[in-house]
Amino acid sequence: MHIRRAVSADAEELSSLLNEIIRAGGTTALEIPLSAAEFADWFIDGEFPLTCHVAEHDQSLVGFQSLSLYGDPPEGFADIATFARMNPRTAGVGTALFPATRAAAEEFGLEFINATIRADNVSGLGYYAKMGFETYDRLVQVPLQDGTPVDSIKKRYRVDAGHNKKPDA
């Protein structure tokens, strides 16, 4: 798997990947599909994205991970979003993307990376825990577009956490 920064030309393929996840429902707070132009604005080159990396495998984009300042996060925080292609599924996409995202967060001088995950997104909660994110808040009964209330779990990753770990003996 090859990891690189996303470019505007990726927006078409990545919006298709994301829209499949949105249409399937149940894992993302996003509920309305995005055009390629909207995707580029939200995740690659708009006002709020800091960085976006893609994972390439077998000549196609199999996932992406972004950091953004959308929603005016606290000083020193940026929000992470991680998405992997549903069909065909490629194992390890999020794990492969995170080192590049973490390095970008360090370059931006961030203190924390924030992940807000739907409480019913078991795989997402597991992924962020595996990456070292710790739960620090819960948003109760956030309504979806159809009015269905779903809790959201807020997890954060201390960007310098990797520097605090002792090397393996």
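**Note on the predicted model: sheet, helices and aromatic contacts**

1. The core feature to check is an open sheet of 7 strands, in the order E1-E2-E3-E4-E5-E7-E6, with mixed pairing. Strands E1 (2–5) and E6 (134–143) stand at the edges. Each has a single partner strand, so one side of each is left without a neighbour in the sheet. On average, neighbouring strands are turned by 25° against each other, direction ignored. This is a predicted model.

2. Look next at E5 and E7. Strand E5 (residues 112–118) runs antiparallel to strand E7 (residues 149–158), and 7 bridges join them. Isoleucine 113 has tyrosine 157 in E7 as its bridge partner.

3. Two helices lie across strands of the sheet. Helix H2 (residues 36–45) lies across E2, E3 and E4, at about 105° to E2. Helix H3 (residues 93–107) lies across E1, E2, E3, E4, E5 and E7, and runs at about 35° to E3.

4. Aromatic pairs come to 13. One of them joins phenylalanine 39 and phenylalanine 64, edge-to-face, 5.0 Å centre to centre with 85° between the planes. Phenylalanine 39 lies in helix H2 and phenylalanine 64 in strand E3, so the pair ties together parts 25 residues apart in sequence. Both phenylalanines are buried. Phe39 and Phe64 also belong to one aromatic cluster with Trp42, Phe43 and Phe83.

5. Tyrosine 127 and tyrosine 128 form another edge-to-face pair, 4.9 Å centre to centre, with 70° between the planes. Both tyrosines are buried.

6. Arginine 156 deserves a look. Its charged end sits over the ring of phenylalanine 112, 4.9 Å from the centre. The charged end of arginine 156 also sits over the ring of tyrosine 136, 4.6 Å from the centre.

Terms used
Residues are numbered from 1 along each chain as its sequence is written. This is a predicted model: local features need pLDDT of at least 70, side-chain atom pairs count only at pLDDT 80 or more; totals for chains, interfaces and linings use all residues. Side-chain values use heavy atoms; hydrogens and water are left out. Two strands pair if DSSP finds at least two bridges between them. Helices (H or I, at least four residues) and strands (E, at least two) are DSSP runs, numbered from the N terminus. Axes are lines fitted to C-alpha atoms, for helices over the stretch in contact, and angles run from 0 to 180 degrees between N-to-C directions. Contact means heavy atoms within 4.5 Å. Rings of Phe, Tyr and Trp (its six-membered ring) pair if their centres lie within 6.5 Å; planes under 30 degrees apart count as stacked, over 60 as edge-to-face and the rest as tilted. Buried means under 20% relative accessible area, exposed over 50%, partly exposed in between (1.4 Å probe, protein chains only). A charge sits over a ring if NZ of Lys or CZ of Arg is within 6 Å of the ring centre and within 35 degrees of the ring normal.
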